[in-house]
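Dear colleague,

Please find below the structure I am handing over to you, followed by an account of what was found in it.

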Amino acid sequence: MMNLNAMLQNHRAPLLGIAALVAAFPIGAAESKTAYSIETGLIYSDAFPGLSLDLLLPKTSSAKGRLPCVLVIQGGGFSAQDGQKFRPFAVYLAERGFAAALIAYRGRPNHRYQDTIADAKTAVRYIRKTSGHFGIDPDRIGAVGGSAGGTITGLLAVTDDTFEAGIEYPEYSSRIQAAVIFAGVFDFVARFTDDSQIALQPNIATKIDSNGEWIGPRFSASNEDWIAASCVSHIDNGDPPILLIHSKDDSTVPWLQSQGMHEAMRKVGIASMIQYYETGGHGFWNQAEPPKADMLRFFTNKL
């Protein structure tokens with residue numbers, strides 16, 4: 001099996017075609033009988049080999065008009081990802097009437113936050129560009145992510161096209177209309193300077209190193225890249241509604257990150273919602289149905 005994560009981290013790796021991706025990630029018998037179809041290995045960007053997405057499309061919703069679509073963004077410590085570990089979220093959404101785009105993206109060690117966010121934004125533009133072909137409503141696009149994927153989702157939601165140096169499909173907007181974020185990092189400076197947050201997360205030095213590998217420079221509370229990589233630095237009243245979900249016993253990303261993001265959004269009048277779970281740790285969204293149901297209710301209401 002070809003390791004797409006490794007390929008994304010190796011700039012000399014060859015470009016994957018659709019056939020190779022189908023071979024690497026075959027659709028199982030149980031999945032093929034469900035109420036959705038899947039377009040596998042759609043290359044959404046030429047910026048780097050392997051930037052592809054799997055698009056899950058409900059089979060029975062054509063009579064209801066064009067589909068809302070949700071980008072599904074896997075976490076993984078800001079490393080390059082193929083997206084497949086978040087496949088259950090894409091399936092959950094597709095089985096309930098949403099198109100779902102499971103995206104690969106660049107990340108550390110060879111790429112920085114600007115590249116990662118550019119990939120997410122390019123994926124949105126690609127979906128808009130191809131929306132007519134796939135029966136997607138270009139005005140109803142959302143995103144969901146967890147952990148590092150939640151941070152990427154947040155930056156996708158609160159930054160505009162000027163965040164990128166080079167833009168593919170510039171005639172299409174990368175703006176999304178709603179976001180759901182599980183346990184994202186929204187303020188890298190506060191994460192490593194606020195005593196309350198430091199107390200909630202062990203191995204702080206390791207986290208500074210891994211986050212710094214994605215952001216670039218060594219950590220400094222005044223460094224412009226650490227500030228620019230923080231969602232709270234970009235919030236304005238034109239941003240979409242966001243649902244934040246976090247477990248209070250999360251020792252990887254402190255729940256105070258979501259609280260701070262929520263308060264910052266409310267200050268400028270964004271329709272922010274927050275949902276806390278008392279237990280579940282980091283990755284609680286994979287362990288039970290309620291977090292997915294929270295997500296579904298929000299997207300049903302907003303998209």
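**Strand 2 and the sheet around it**

Strand 2 is largely enclosed by the rest of the structure, because seven of its seven residues are buried. Please bear in mind throughout that this is a predicted model. The burial of strand 2 applies to both of its faces: Ser52, Asp54, Leu56 and Pro58 lie on one side, Leu53, Leu55 and Leu57 on the other, and all are buried. In a regular strand the side chains alternate between the two faces of the sheet.

Strand 2 (52-58) has partners in strand 1 and strand 4. Six bridges join strand 1 to strand 2, and the two run antiparallel; within this pair, serine 37 stands opposite leucine 57. Towards strand 4, the pairing is again antiparallel and is made by four bridges, with alanine 101 of strand 4 as the bridge partner of leucine 55.

These strands belong to an open sheet of eight strands with mixed pairing, in the order 1-2-4-3-5-6-7-8. Strand 1 (36-43) and strand 8 (272-277) stand at the edges; each has a single partner strand, so one side of each is left without a neighbour in the sheet. On average, neighbouring strands of this sheet are turned by 15 degrees against each other, direction ignored. A parallel pair is found in strand 5 (residues 136-146) and strand 6 (residues 178-182), which are joined by five bridges. There, valine 144 has valine 180 in strand 6 as its bridge partner.

**Helices across the sheet**

Helix 4 (residues 87-94) lies across strands 1, 2, 3, 4 and 6, and runs at about 30 degrees to strand 2. Helix 12 (residues 256-267) lies across strand 7 (242-247) and strand 8, running at about 160 degrees to strand 8.

Helix 12 can be checked for its length. At 1.5 Å a residue, its twelve residues should span 16 Å, and its end C-alpha atoms are 16 Å apart, which agrees. Its buried residues are Leu256, Gln257, Ser258, Met261, His262 and Met265. Among the elements that cover these buried residues are helix 7 (148-158), helix 8 (188-193), helix 9 (195-200), strand 7 and strand 8. Glycine 269, which follows helix 12, has a positive phi near 90 degrees.

**Nonpolar cores**

In soluble globular proteins, nonpolar side chains tend to be buried together. In this model, the largest nonpolar core has 55 residues, of which Leu55, Leu71, Ile103, Ile242 and Met261 touch the most other members. Helix 5 (residues 113-129) contributes the largest share of this core, seven residues. A second, separate core of 31 residues includes Tyr36, Val91, Leu102 and Trp285.

Which residues does isoleucine 242 touch, not counting residues up to four places away in sequence? They are Ala157, Val158, Ala179, Ile181, Met261, Met265, Ala271, Ser272, Met273 and Phe298. Two of these contacts, Met261 and Met265, are also among the buried residues of helix 12.

**Cysteines**

The structure holds zero disulfides. Cysteine 69 counts as buried because its relative accessibility is 0%, against a limit of under 20%. Cysteine 231 is likewise buried, with a relative accessible area of 0%.

With kind regards

Key. Residues are numbered from 1 along each chain as its sequence is written. This is a predicted model: local features need pLDDT of at least 70, side-chain atom pairs count only at pLDDT 80 or more; totals for chains, interfaces and linings use all residues. Side-chain values use heavy atoms; hydrogens and water are left out. Two strands pair if DSSP finds at least two bridges between them. Axes are lines fitted to C-alpha atoms, for helices over the stretch in contact, and angles run from 0 to 180 degrees between N-to-C directions. Contact means heavy atoms within 4.5 Å. Buried means under 20% relative accessible area, exposed over 50%, partly exposed in between (1.4 Å probe, protein chains only). A nonpolar core is a set of buried Ala, Val, Leu, Ile, Met, Phe, Trp, Tyr and Cys residues joined through side-chain atoms within 4.5 Å. A disulfide is a pair of cysteine sulfur atoms within 2.5 Å. The expected span of a helix is 1.5 Å times one less than its number of residues.
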